[in-house]
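Reader: I'm new to protein structures and would like to learn how to read one. Could we go through this one together, a question at a time?
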Amino acid sequence: VIGYLADNSPDLLLSVLACTGLTVVAGGRGGRSVDDTNVLPAMINGRWTPTEIERALRPSSSSDYIPERGDGVHVTIVLYGMGYRRAAEEAVGLMNNSHAQNHGKNASHFAVALSLPELAQKYYSTSTENINASCAPNGMQ
């Protein structure tokens, strides 16, 4: 699961669009064939508390992966925008602690919080500055 906790932006839109068509192919373990891993995007409400985010993104007990069955690992990535770092990191901490308490050494889920890159904002602000400078009358900047 890739959870998005950010304000609307071109970067958010591009990342979500890329995520919807993404299927990760990884080598199997223990003689198993190559497995397809589905990537599920999830939009997170910016008003939610870290506890609500954790509750929404954690795997349900009916779909928990059990390593003894060879099911693999459930990974949650929370991509956060400006102003959401604390909430994202707290939610990830809650997810990791909750799963470890319930499954001990057999923990088959982990979560991580990463900053959503702001590539479009960087290029947008540079291009608008250039446009504004080129549109200014001579001698005025």
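Reader: Before we dig in, what kind of model is this, and how many helices and strands are there in the protein?
Author: It's a predicted model, so keep that in mind throughout. Read along the sequence, the pattern goes β-α-β-β-β-α-β-α-β-α. Counting them up gives 4 helices and 6 strands.

Reader: Which order do the strands take in the open sheet?
Author: Let's build it from the pairs. Strand 1 (residues 2–5) is joined to strand 4 (residues 41–43) by 3 bridges, and to strand 5 (residues 74–80) by 4 bridges. Strand 5 in turn is joined to strand 6 by 7 bridges. Put the pairs side by side, with their parallel pairing, and the order is 4-1-5-6.

Reader: Okay, so which strands stand at the edges?
Author: Look for strands with a single partner, because one side of such a strand is left without a neighbour in the sheet. That picks out strand 4 and strand 6 (109–115).

Reader: And what does the twist average from one strand to the next?
Author: The sheet has the order 4-1-5-6. Going from one strand to the next, the twist averages 20°.

Reader: Which residue in strand 5 is the bridge partner of Gly3?
Author: Gly3 sits in strand 1, and on the strand 4 side it stands opposite Ala42. On the strand 5 side, you can get your bearings from two other pairs: Ile2 has Ile77 as its bridge partner, and Leu5 stands opposite Tyr80. For Gly3, the partner in strand 5 is Val78.

Reader: Do the residues of strand 1 end up buried or exposed?
Author: They point two ways: Ile2 and Tyr4 go one way, while Gly3 and Leu5 go the other. Whichever way they point, the verdict for all of them is buried.

Reader: How many of the 7 residues of strand 5 are buried?
Author: Strand 5 has strand 1 joined to it by 4 bridges and strand 6 by 7 bridges; one of the pairs with strand 6 is Val75 opposite Phe110. Strand 5 is largely enclosed by the rest of the structure, because the number of its residues that are buried is 5.

Reader: Now the helices. At about what angle does helix 1 run to strand 1?
Author: Helix 1 (residues 10–20) lies across strand 1, strand 4 and strand 5. Helix 2 touches strand 1, strand 4 and strand 5 as well, and its direction makes about 140° with that of strand 5. For helix 1 and strand 1, the angle is about 165°.

Reader: Where do the buried residues of helix 2 fall, seen down its axis?
Author: In helix 2 (residues 50–57), the buried ones are Pro50, Ile53, Glu54 and Leu57. An α-helix has 3.6 residues a turn, so residues three or four places apart point the same way. Here the buried residues line one face, because they fall within an arc of 100°.

Reader: Is Glu54 buried or exposed?
Author: Glu54 belongs to helix 2. Leaving aside neighbours within four places in sequence, it contacts Ala91, Leu94, Met95 and Ser98. Its relative accessible area is 7%, and the cut-off for buried is under 20%, so Glu54 counts as buried.

Reader: What about Asn8, buried or exposed?
Author: Asn8 is in the loop between strand 1 and helix 1. Its C-alpha atom is separated by 9.2 Å from that of Gly81, 73 residues apart along the chain. With a relative accessible area of 74%, Asn8 is exposed.

Reader: Which element gives the most to the largest nonpolar core?
Author: That core has 15 residues, and Leu5, Leu57, Val78 and Met95 touch the most other members. Helix 2, strand 5, helix 3 (85–103) and strand 6 each supply at least two residues. With 5 residues, the biggest giver is helix 3.

Reader: Last one: how many residues are in the second, separate core?
Author: This core includes Ala6, Cys19, Val39 and Leu79. In soluble globular proteins, nonpolar side chains tend to be buried together. The size of this second core is 9 residues.

Notes:
Residues numbered from 1 in each chain as written. Predicted model: local features only at pLDDT ≥ 70, side-chain atom pairs only at ≥ 80, totals over all residues. Heavy atoms only, no water. Buried < 20%, exposed > 50% of the residue type's maximum accessible area, 1.4 Å probe, protein only. Pairing = 2+ DSSP bridges. Arc of directions from axis to C-beta. Axes fitted to C-alpha atoms, helices over the stretch in contact; angles between N-to-C directions. Contact = heavy atoms within 4.5 Å. Core = buried A, V, L, I, M, F, W, Y, C linked by side-chain atoms within 4.5 Å.
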